[in-house]
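Here are a few friendly notes to read alongside the model. Please have the viewer open as you go through them.

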Amino acid sequence: MNVTMVPAVEVAALKDTTLLNMGIFALFVAVTMVIVFRASRNNKTAADYYAAGRSFTGSQNGTAIAGDYLSAASFLGITGAIAINGYDGFLYSIGFLVAWLVALLLVAELLRNTGKFTMADVLSFRLRQRPVRIAAALSTLAVCFFYLLAQMAGAGSLISLLLGISDWGGQALVIIVVGALMIMYVLIGGMKGTTWVQIIKAILLIAGAAVMTAMVLAIYGFNLSSLLGSAAEAANNPAVLNPGLQYGKTETSKLDFMSLGLALVLGTAALPHVLMRFYTVPTAKEARKSVVWAIWLIGLFYLFTLVLGYGAAALVGAETIKSAPGGVNSAAPLLAFHLGGPLLLGFISAVAFATILAVVAGLTITAAASFAHDIYANVISKGKADATAEVKVARRTVVVIGVLAILGGIFANGQNVAFLVALAFAVAASANLPTIVYSLFWKKFTTQGAVWSMYGGLAAAILLIAFSPVVSGAKTSMIQGANFAIFPLSNPGIVSIPLAFFLGWLGTVLDKRREDPAKQAEMEVRSLTGIGAEKAVDH
Amino acid sequence: MGNEAHPHDAAASVDFQEVQQTEQFRTLRKRHRSFVFPMAVIFLLWYFAYVLLAAYAVEFMSTKVWGNINVGLILGLLQFVTTFGITAWYVSYSNRKLDPIAAEIRIGIEGHQFDKDGNMIQGEAK
């Protein structure tokens, strides 16, 4: 293969592989459906439905976390970002990985020891139940909504690339099919089925990326330097190897980049669907093992995306990628087609579809659990609802959220999905992280502090996004032809995260009520020792 | 709420404030915090130093070191190395310094032990 020439990838030829793509995807759906059915046989209690009976091992859960985390945003978005913007795309993956240290050191084990099903369990442990639970549930729903939007946007661009469907109705139909499948998984399988889908998908995704990475490196004699050289040559711009191509243009964009960095590193440990995964293991030690597994798998995968991104730049070319249906997000599928023809493209596309399906399933069950467990069971029926009624509400919520996700997906446009996910991270880091950290480590923290921090962080993040160039006033904005972007940055993190920490502190020092010190003692002792933490129920 | 969230809890009748004041628990808390807090500060500073360099020291980051591999790429890959390193270090620290003492306190209160899957070895299953 001639290394210096950029070979043309015939985008039109991709349509011929549609049947193959669909075949591979259908196989994945069939296999996972069987597993979900088998796994769901023992779903009886709320712990079974929300937390998979706490019966997964650390390594299984770690793989599932990687499956949850390595969403379409990571695979399609980061590969595309590196292919187009070079080094600046790589910065996403570093933030996404380093963030796991916050989860490992400060959150995972303590959370496993103090909670039961949802993030709100931990946040409301020693504070007043009602206000804190409602706030935590609302922020959970908000984060899940943004994350769902990103996944569905990814589904849209993937469909337009693979099926050559560019008309609105056709894309909508496929999104409806994907959404309906996801509802099935979650309804039938609960957390156990969802977890198995994540595990299978993580293995396929990481294996697929590994094969592609090896193929790209083999073309360049396993010499990273000559791959980079070829990418720079193909781009006709040596700056793709340097930081600053995307974010270095102006002082505002540099600040935007700092804001993104902050949101990425502090967001992970506050994502409700990641936090909920820690309840599927029996002990804090297994929760720790989960994170360790996840860190290794995720780190390895991001190293692959570095090679794949520059590989796509060198072998496919930025111009071809940008002009393909699906745009930036099509870099990885196009590279797969270049490397291994229709079969590899079919495999990679099916995996990417599966990724969206699995992540959407994980988000849906998190949102449903939060609504049923926090709002319905603890607030509306004040803890008097039995577990059966609660699970019934959860299942109904799944259908509602599924329908909302389908509608969101139909209307979500072709923004880079890594970028949309970064917004979800900003909302999570602003609304959740300060309260998680304060309630685990700050003795004097009060209900008022928690409520101010959560609502303040949530409102600040969402308002700043609404008045940012993401929504209006720029070429790529969601609402075209309008300009009410009074906030210059695309990512709100640099303002909303410190603000939420400040509000948590302010609310606490101004609070005249004091929290029960016995509850604080109980939470602290439980969190560090695991006393009374609910163990596995299915052995 | 703790007691409500754990209805059949062996630990429901424990005076946690008393436990919190014991020498053993204070040692555990000190060991945990004296590791995780400094470590969190270190890796966050290192990460933000890297992000600042990438935003404001583009020329330095673009310095070629070996072939087409520049300082920025090396620092980026070092972020991976330190993340893996801190992870391994924390696991070894917890296994040596945190888990044994946490298990002692737990056994002292609950009066039974759990195997690695969380099954009770002795005592009454829920």
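1. Let us begin with helix α5(A), where helices (H or I, at least four residues) and strands (E, at least two) are DSSP runs numbered from the N terminus. Its 28 residues should span 40 Å at 1.5 Å a residue, and the end C-alpha atoms are 40 Å apart, which agrees. The expected span used here is 1.5 Å times one less than the number of residues. α5(A) has a kink of about 50°, centred on V107(A); the bend at a residue is the angle between axes fitted to the seven residues ending there and the seven starting there. All of this helix is buried, 28 of 28 residues, so α5(A) is largely enclosed by the rest of the structure. Buried means that 20 or more other C-beta atoms lie within 10 Å of a residue's own, exposed means 12 or fewer, and partly exposed is in between, with C-beta atoms placed from the backbone.

2. A word on what you are looking at: this is a predicted model, in which local features need pLDDT of at least 70 and side-chain atom pairs count only at pLDDT 80 or more, while totals for chains, interfaces and linings use all residues. Residues are numbered from 1 along each chain as its sequence is written, and chains are lettered from A and ligands numbered from 1 in the order in which they are written.

3. How do the two chains meet? In chain A, 57 residues are in contact with 54 residues of chain B, a contact being two C-beta atoms, placed from the backbone, within 7 Å. α5(A) gives the most to the side of chain A that touches chain B, with 11 residues. That side divides into 33 nonpolar, 14 polar and 10 charged residues. Here Ala, Val, Leu, Ile, Met, Phe, Trp, Tyr, Cys and Pro count as nonpolar, Asp, Glu, Lys and Arg as charged, and the others, Gly among them, as polar.

4. Turning to chain B, its secondary structure comes to 5 helices and 2 strands, in the order α-α-α-α-β-β-α along the sequence. Of its 126 residues, 25% count as buried. In α3(B), the buried residues include F25(B), H32(B), Y47(B) and A55(B). The buried residues of α3(B) pack against α5, α10 and α20 of chain A, together with α2, α4 and α5 of chain B.

5. Which residues have the most contacts inside the largest nonpolar core? They are I298(A), A312(A), L335(A) and V427(A), in a core of 222 residues. Such a core is a set of buried Ala, Val, Leu, Ile, Met, Phe, Trp, Tyr and Cys residues joined through C-beta atoms within 7 Å. Helix α14 of chain A (residues 331–380) supplies the largest share, 31 residues. A second, separate core of 11 residues includes A521(A) and L528(A) as well as V19(B) and A102(B).

6. Helix α1(A) has two contrasting faces. N21(A), I24(A), F25(A), F28(A), V29(A), T32(A), V36(A) and A39(A) are buried. They cover an arc of only 140° around the axis, which puts them on the same side of α1(A); the arc is that of the directions from the helix axis to the C-beta atoms. The face turned away from that buried side carries exposed residues, including L19(A), L27(A) and F37(A).

7. Finally, take a look at P272(A), which lies in helix α11 of chain A. P272(A) is buried, with 27 other C-beta atoms within 10 Å. P272(A) and L363(A) are 91 residues apart in sequence and 8.3 Å apart in space, C-alpha to C-alpha.
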